[in-house]
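Here is a quick tour of one protein model, written for someone who would rather be at the bench. Have a look at the structure first, then read on.

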Amino acid sequence: MLSVDLHGVFRSDRDIDSAIRAALFRAKREGQDVVEIIPGKGSGTLRKRVLAVLGQPHLKKLYRRFEVDPNNEGRVLVHFR
């Protein structure tokens, strides 16, 4: 499972977008089943940004579905199969 921790880039929307896009393209290229994106728990602002990026039509074509981990709200799982 490929994992992306966004704690280091949380201040820059451009860096967040780039990190998520890079992870999705890499996972697709390598045939990964799941990508774990870690926005952290906090106020939920970063998680909302992650979900907005994942909702972009050109990125939705890459994966099957995504979910906020029911056991850990600071983690978003993107499923490719």
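What follows covers the salt bridges and then the largest pocket.

Keep in mind that this is a predicted model.

**Salt bridges**

The structure holds seven salt bridges. Three of them are set out here, each with its N to O distance.

| Salt bridge | N to O distance |
|---|---|
| Arg49 and Asp13 | 3.8 Å |
| Arg49 and Asp17 | 2.7 Å |
| Arg65 and Glu67 | 3.8 Å |

Let's start with Arg49 and Asp13, whose side chains meet in a salt bridge. Why does this pair tie together parts that are 36 residues apart in sequence? Because Arg49 sits in helix α2, while Asp13 belongs to helix α1.

Arg49 also pairs up with Asp17, with 2.7 Å between the closest N and O atoms. Here Asp17 is in helix α1 and Arg49 in helix α2, so this bridge links parts that lie 32 residues apart in sequence.

How do these residues sit with respect to the surface? Is Asp17 buried or exposed? Asp17 is buried, at a relative accessible area of 12%, because buried means under 20%. Asp13 comes out as partly exposed, with 44%, and Arg49 is partly exposed too, at 25% relative accessibility.

Then there is the bridge between Glu67 and Arg65, whose closest N and O atoms are 3.8 Å apart. Glu67 counts as partly exposed at 26% relative accessibility, and Arg65 is partly exposed with a relative accessible area of 42%.

Which residues do salt bridges with shared partners join into one network? That would be Asp13, Asp17 and Arg49.

**The largest pocket**

Now for the open space. The largest pocket has a volume of about 190 Å³. It is lined by 14 residues, and the ones closest to its centre are Phe10, Pro39, Thr45, Leu46 and Arg47.

What kinds of residues make up that lining? Four are nonpolar, six are polar and four are charged.

Two helices turn up in the lining: α1, spanning 13-30, and α2, spanning 45-54, each supply at least two residues. Which element gives the most? That is α2, with four residues.

So much for the pocket; one last look back at the helices. Helix α2 contributes to the lining of the largest pocket, and α2 also holds Arg49, the partner of Asp17 from helix α1.

Terms used
Residues numbered from 1 in each chain as written. Predicted model: local features only at pLDDT ≥ 70, side-chain atom pairs only at ≥ 80, totals over all residues. Heavy atoms only, no water. 1 Å grid on protein atoms, 1.4 Å probe; cavity = no way out; pocket = protein on both sides within 12 Å on 5 of 7 lines; lining within 4 Å. Points joined across faces, edges and corners; volume = space filled by probe spheres on them. Nonpolar A, V, L, I, M, F, W, Y, C, P; charged D, E, K, R; others polar. Salt bridge = Lys/Arg side-chain N within 4 Å of Asp/Glu carboxyl O. Buried < 20%, exposed > 50% of the residue type's maximum accessible area, 1.4 Å probe, protein only.
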